[in-house]
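User: Could you take a close look at the aromatic rings in this one for me? I'm new to this, so please spell out the terms as you go.

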Amino acid sequence: MIYSIVAIGDPVLKTKAKNLAPDLPAAELQQLIADMFETMYYAHGVGLAAPQIGKGVRLFVMDSGPMVEVDEEDREEGEVPEPPVKRAFLNPVMVSETGEEWGFEEGCLSIPGVRELVSRPADIVLRYEDEHRQVHEEAFSGMAARIIQHEYDHLEGILFTDKLSAFKKQLLKGKLARISKGEVKHDYRMKFAGEGKRR
């Protein structure tokens with residue numbers, strides 16, 4: 001099932017998500033994860049958090065493959081390629097964010113047509129449950145770490161535009177307001193706040 005992506009302006013995107021219940025039926029969980037991957041690929045994204053489909057729970061999926069392929073073009077000779085990360089993260093907790101901050105032009109399926117430079121730490125350690133509810137604590141770096149940080153922010157009610165300077169926010173204010181009303185081009189299904197309709 002392909003969900004509509006919730007656009008900026010919907011309160012679910014600014015609300016801290018709740019943990020997935022431990023007694024959530026496995027079949028229901030697996031279906032939700034499969035649907036989120038399907039929705040993410042349909043919208044040509046590399047990550048998707050549950051709040052972006054209107055569900056305020058701590059779950060996101062990602063597949064860094066497309067970003068890693070793009071990154072390969074800029075890799076210096078002899079540099080080790082970054083392995084792609086494709087998986088679901090349940091009830092994640094950010095243990096640490098370290099390393100030198102680096103900038104990258106980020107976008108978001110909930111904010112189509114907007115891309116801005118965001119700086120994030122290079123290395124993270126994340127504690128999370130996998131799709132079988134097994135707990136892991138794992139280190140990530142590079143593009144995978146950036147995607148995880150972006151999606152993790154969604155679970156905290158933070159959008160990448162919240163990380164911009166006051167000046168940049170002011171410049172984008174009108175455009176973001178128009179997006180929230182549905183005045184934006186997009187090539188995937190979206191739901192806009194206050195309208196209750198999907199386009």
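Analyst: Let's walk through the ring pairs, and then the charges that sit over rings.

First, some housekeeping. This is a predicted model, so local features need pLDDT of at least 70 and side-chain atom pairs count only at pLDDT 80 or more, while totals for chains, interfaces and linings use all residues. Residues are numbered from 1 along each chain as its sequence is written, and side-chain values use heavy atoms, with hydrogens and water left out.

A pair of aromatic rings is described by the distance of the centres and the angle of the planes. Here, rings of Phe, Tyr and Trp (its six-membered ring) pair if their centres lie within 6.5 Å; planes under 30 degrees apart count as stacked, over 60 as edge-to-face and the rest as tilted. Searching the whole structure turns up five aromatic pairs.

Start with phenylalanine 60 and phenylalanine 89: their ring centres are 4.8 Å apart and their planes are at 20°, so this pair is stacked. Phenylalanine 60 belongs to strand E3 (residues 59-63) and phenylalanine 89 to strand E4 (residues 86-106), so the pair ties together parts that are 29 residues apart in sequence. (Strands, labelled E, are DSSP runs of at least two residues, numbered from the N terminus.)

Phenylalanine 89 has another partner, phenylalanine 140. That pair is edge-to-face, with 5.9 Å from centre to centre and 70° between the planes. Again distant parts of the chain are linked: phenylalanine 89 is in strand E4 and phenylalanine 140 in strand E6 (residues 135-141), 51 residues apart. Put the picture together and you get one aromatic cluster, formed by Phe60, Phe89, Tyr128 and Phe140.

Are these rings buried or exposed? Buried means under 20% relative accessible area, exposed means over 50%, and partly exposed is in between (1.4 Å probe, protein chains only). Phenylalanine 60 and phenylalanine 89 are both buried. Phenylalanine 89 counts as buried because its relative accessibility is 0%, and phenylalanine 140 is buried too, with a relative accessible area of 6%.

Now for the charges. A charge sits over a ring if NZ of Lys or CZ of Arg is within 6 Å of the ring centre and within 35 degrees of the ring normal. Lysine 86 does this with phenylalanine 37, lying over the face at 5.6 Å from the ring centre. Arginine 146 lies over the face of tryptophan 102, at 4.3 Å from the ring centre.

Notes:
Helix = DSSP H or I, 4+ residues; strand = E, 2+ residues; numbered from the N terminus.
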